[in-house]
Amino acid sequence: MLILLTNDDGVRAEGIWALYRELASWAEVTVVAPDVERSATGHALTIDLPLRAERVDLGPGRGPAWEVRGTPADCVKLGVRTVLNRAPDLVLSGINRGSNLGVDVFYSGTVSGAIEGALLGIPSVALSLAGRNDPLDYRPAARFARWLAARVVERGLPSACLLNVNVPAVTESELAGVAVTRLGLNRSYRDSFERRLDPRRRAYYWLVSQPEEGDWEADTDIGAVRSRRISVTPLHIDLTCHRLRQELSTWDWPLPGRAGDRGEGGGDG
Ligand code: MN
């Protein structure tokens, strides 16, 4: 069993090594992770700078890793194509410090690490700990991840599908269960930009996003985590809106510069 492990909090983050320790006793684990934190970098790839990858040993309780000057998507692509030079049985991304719920999946480097695995045809799981207050205990999430990893390898995942997992930051005995959920897209962020002045009196802005508290449905990832359940959301990389595709196909689609076939216009005479 070969697992490629990445994250977006950087190769020295606590979450990835808590997961590594849980997995290392039963699987061969290769860590390929960004050199620094790359949270909220989405699915970016490095194409105009050298992609440096260096083998580092981070010492007891951690271990050898590939430290990449790049994003999580870079790490997975490079990990599979170069470091491993073959497809692992599984790609795991995390354990992220903080949740990745609802629309977060569009910005999350953690989720993008798993999406990259899915794009390469490998069963992939993104893992996040839904808490930010230290001290954070990643062990319950890591133990769940180990169980899930074995299950996913045994059963497989359909192609183009991946799992996005969020574990509430509570003790194991406080966990209320596991829920298979959908993305809670009704949660919105109140985006505001703080305007500040630099020492040369020029203005700059800093994004401050606060998730809006509101109603959440019990079958969503947000609803699950709020009720202290582990959320498992199956994601699909096909972003096609099939409903709209059907409707659009009933529209007339005249080519530019030519008359529509329903008598509109009449050519340029
Ligand atoms: Mn992160």
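Which residue stands opposite Leu 2 in β2? In this predicted model, the residue facing Leu 2 is Glu 28. The pair belongs to the junction of strand β1 (residues 2-6) with strand β2 (residues 28-34), where 4 bridges hold the two strands in a parallel arrangement. Strands of a sheet pair through backbone hydrogen bonds, and they do so either parallel or antiparallel.

That junction is a convenient way into the sheet as a whole. An open sheet is built from 9 strands, and following it from one end to the other gives the order β3-β4-β2-β1-β5-β6-β7-β11-β8, with mixed pairing. The edge positions are taken by β3 (53-57) and β8 (177-180); each has a single partner strand, so one side of each is left without a neighbour in the sheet. On average, neighbouring strands of this sheet are turned by 25° against each other, direction ignored.

Moving from β2 towards the β3 edge, the next partner is strand β4 (residues 64-68), which runs parallel to β2 and is joined to β2 by 3 bridges. Here Val 32 has Trp 66 of β4 as its bridge partner. Trp 66 also serves as the bridge partner of Arg 55, in the pairing of β3 with β4, which is antiparallel and extends over 5 bridges. These two strands, β3 and β4, make a hairpin with 6 residues between them, and Gly 59 in the turn shows a positive phi of about 90°.

A second hairpin is made by β9 and β10, this one with 5 residues between the strands; its turn holds Arg 201, whose phi is positive at about 65°. Strand β9 (residues 189-197) and strand β10 (residues 203-211) are antiparallel and share 9 bridges. One of the facing pairs is Asp 191 with Ser 209 of β10.

Helices pack on the sheet as well. Helix α3 (residues 109-119) lies across β1, β5 (90-97), β6 (124-130), β7 (161-168) and β11 (229-236), and its direction is at about 170° to that of β6. Helix α4 (residues 139-155) touches β5, β6, β7, β8 and β11, with its direction at about 160° to that of β5.

The helices also meet one another. Two packed helices are described by the angle between their axes and the distance between the axes. For helix α2 (residues 72-83) and α3, the axes come within 8 Å and cross at roughly 30°. With angles under 35 degrees counting as roughly parallel, α2 and α3 are therefore roughly parallel to each other. The crossing of α2 past α3 is right-handed. On the α2 side the contact is formed by Pro 72, Ala 73, Val 76 and Lys 77, and on the α3 side by Gly 109, Gly 113, Glu 116 and Gly 117. Sorted by class, the residues of this contact are 3 nonpolar, 3 polar and 2 charged.

The packing of α1 with α4 has an angle of about 50° and axes 9 Å apart, and the two helices are therefore oblique to each other. This crossing, too, is right-handed. From α1, Ala 18, Leu 19, Glu 22 and Leu 23 meet Ala 142, Arg 143, Ala 145 and Arg 146 of α4. The contact of α1 with α4 comprises 5 nonpolar and 3 charged residues, with no polar ones.

Which residues coordinate the manganese ion? The donors are Asp 8 (OD), Asp 9 (OD), Ser 39 (OG) and Asn 96 (OD1), at 2.1 to 2.3 Å. Along the sequence, these donor residues follow the spacing D-D-x29-S-x56-N. Asp 9 is found in the loop between β1 and α1 (14-23), whereas Asn 96 is in strand β5, so the pair ties together parts that are 87 residues apart in sequence.

Some backbone details round off the picture. Gly 94 and Ile 95 are joined by a cis peptide bond with omega of about 5°, and Ile 95 is placed in strand β5. Another cis peptide bond runs from Asp 134 to Pro 135, with omega near -5°; Pro 135 sits in the loop between β6 and α4. Finally, Ala 40, in the loop between β2 and β3, has a phi near 60°, a positive value in a residue other than glycine.

Technical notes: Residues are numbered from 1 along each chain as its sequence is written. This is a predicted model: local features need pLDDT of at least 70, side-chain atom pairs count only at pLDDT 80 or more; totals for chains, interfaces and linings use all residues. Side-chain values use heavy atoms; hydrogens and water are left out. Two strands pair if DSSP finds at least two bridges between them. Axes are lines fitted to C-alpha atoms, for helices over the stretch in contact, and angles run from 0 to 180 degrees between N-to-C directions. Contact means heavy atoms within 4.5 Å. Angles under 35 degrees count as roughly parallel, over 145 as roughly antiparallel, 65 to 115 as roughly perpendicular and the rest as oblique. A crossing is left-handed if the near helix is turned anticlockwise from the far one by less than a right angle, and right-handed if clockwise. Ala, Val, Leu, Ile, Met, Phe, Trp, Tyr, Cys and Pro count as nonpolar, Asp, Glu, Lys and Arg as charged, and the others, Gly among them, as polar. Donors are N, O and S atoms within 2.8 Å of the metal (3.2 Å for Na, K and Ca); water is not among the atoms, so sites may look incomplete.
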